[in-house]
Amino acid sequence: MRSRPITARIADGVASIPSAEWDACAGPGNPFVSHRFLSILERSGSASARAGWQPLPIMVAGAEGCAAAVAPAYVKSHSQGEYVFDHGWADAWEQAGGSYYPKLQVAVPFTPVPGPRLLLRDATAAPALIAAIEAVTDQNGLSSAHVTFVEEAQLHWFEAAGWLVRAGTQFHWQNHCYAGFDDFLAALSSRKRKAIRKERAAALEGLTVRHLTGSEISEAHWDAFWQFYQDTGSRKWGQPYLTRAFFSLLGAEMADATLLILAERDGVPIAGALNLIGEDALYGRYWGAIEEVPFLHFELCYYQAIDAAIARGLARVEAGAQGEHKLARGYGPVTTWSAHYIPNPGFRRAVADFLQRERAAVEREQEWLGEMMPFRREG
């Protein structure tokens, strides 16, 4: 396809593109690449040029003029909110006299959730969309392009185009057709099973947990969750990435795909976890609390998520980036992927060498982590 003329354009944000045209490419499976979610990030002021995330979606037209493929792309002036860390690359490039920023990021802002990054109504348009991403990078003098948390099924297109591929690790819970939480516990070793029951009892003492979705979620609930989110965000990042308007828009436009889990003491919310519901997964995104309760984070983010996934017949729970502490709670290591286009030959060679060594370390670590899983061993 690269030998044929490519008709591609850059839009002024996802919100400027008709939702039907975008979603025809994105499909229904992953809520984070939907027009609703991405446009909410923009309209709420969370993903904006001012925040260092200038929306620059790239579209490749099909034969009839409608989009055959789109990519949620952003011009970045920093490396915050990405969860695939390239600060060392930036430092090395700057020390060599180059300018690492701005760069191009194809991603869902602030969202380390694997999924499609080449959104394809026509799968044959994938190479053309990658070529368009490269052209935007080259023609605008950007240092590089990064496609983060791309699903494994799309990697072959980037590898065919000569991009560098990076591996990382997350921890996901897999639903092996469990009938309930006790059925899941029965699959664990006796020691781990007892530890989880003890944690849950301690976390829930004196508290009531509520699962809210759809019209059950009110602005008062979002006010409470905003306090939780600000507390966690200010401790982790210095300032929260999302604005208060984001949560109101999410409740107004995506309540059907939202699960808000709240812990209440005497009817007053003291902690909460926000999840999005996909076709086959529950995605844990944000958590916070205004009262310190031992093990409450594990209860709301991991155990209650397992309960919800089993009840909905979902295949897995994806509980966000990092966190080896998830291992003891039945969340196993899985590989995440990113693809990187670096035009400068010398810089590309240096990054390629680093990635080769890093990949070997990731594989060794995952092998070790797999041996630490809490499930009963047969024999």
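In this predicted model, one aromatic cluster is formed by Phe32, Phe37, Trp222, Phe225, Trp226, Phe228, Tyr229, Phe246, Phe247, Tyr283 and Tyr286. The structure as a whole holds 30 aromatic pairs. One of them joins Phe225 and Phe247, whose ring centres are 5.7 Å apart and whose planes stand at 65°, so this pair is edge-to-face, given that planes over 60 degrees apart are counted in that way. A pair of aromatic rings is described by the distance of the centres and by the angle of the planes, and the reader can look for both in the 3D view. The pair links distant parts of the chain, since Phe225 belongs to helix H8 (residues 219-236) while Phe247 belongs to helix H9 (residues 244-253), with the two positions 22 residues apart in the sense that they are 22 residues apart. Phe225 counts as buried because its relative accessibility is 0%, and Phe247 is likewise buried, with a relative accessible area of 0%.

Aromatic rings also meet charged side chains in this model. Arg200 lies over the face of Phe181, at 4.3 Å from the ring centre, and Arg329 lies over the face of Phe298, at 3.7 Å from the ring centre.

We can turn next to helix H3, which spans residues 87-95 and in which Trp89, Ala90 and Trp93 are buried. These three residues cover an arc of only 100° around the axis, and they therefore lie on the same side of H3. On the other side of the helix, Gly88 and Gln95 are exposed. What do the buried residues of H3 pack against? Their partners are strand S8 (145-148), strand S9 (164-174), strand S15 (332-341) and helix H11. After H3 comes Gly97, whose phi is positive, near 95°.

Helix H11, one of the elements against which H3 packs, covers residues 345-371 and contains Gln366. Is Gln366 buried or exposed? With a relative accessibility of 16%, Gln366 counts as buried, because the cut-off for a buried residue is under 20%. Its side chain nevertheless has polar partners: a polar contact of 2.8 Å joins the side chain of Gln366 to that of Thr169, and another, of 3.0 Å, joins the side chain of Gln366 to that of Thr335. If residues up to four places away in sequence are not counted, Gln366 touches Gly168, Thr169, Pro333, Val334 and Thr335.

Key. Residues numbered from 1 in each chain as written. Predicted model: local features only at pLDDT ≥ 70, side-chain atom pairs only at ≥ 80, totals over all residues. Heavy atoms only, no water. Helix = DSSP H or I, 4+ residues; strand = E, 2+ residues; numbered from the N terminus. Buried < 20%, exposed > 50% of the residue type's maximum accessible area, 1.4 Å probe, protein only. Polar contact = N/O pair within 3.5 Å; in protein donor to acceptor, adjacent residues only side chain to side chain. Contact = heavy atoms within 4.5 Å. Arc of directions from axis to C-beta. Phe/Tyr/Trp six-rings, centres within 6.5 Å; stacked < 30°, edge-to-face > 60°. Lys NZ or Arg CZ within 6 Å of the ring centre and 35° of its normal.
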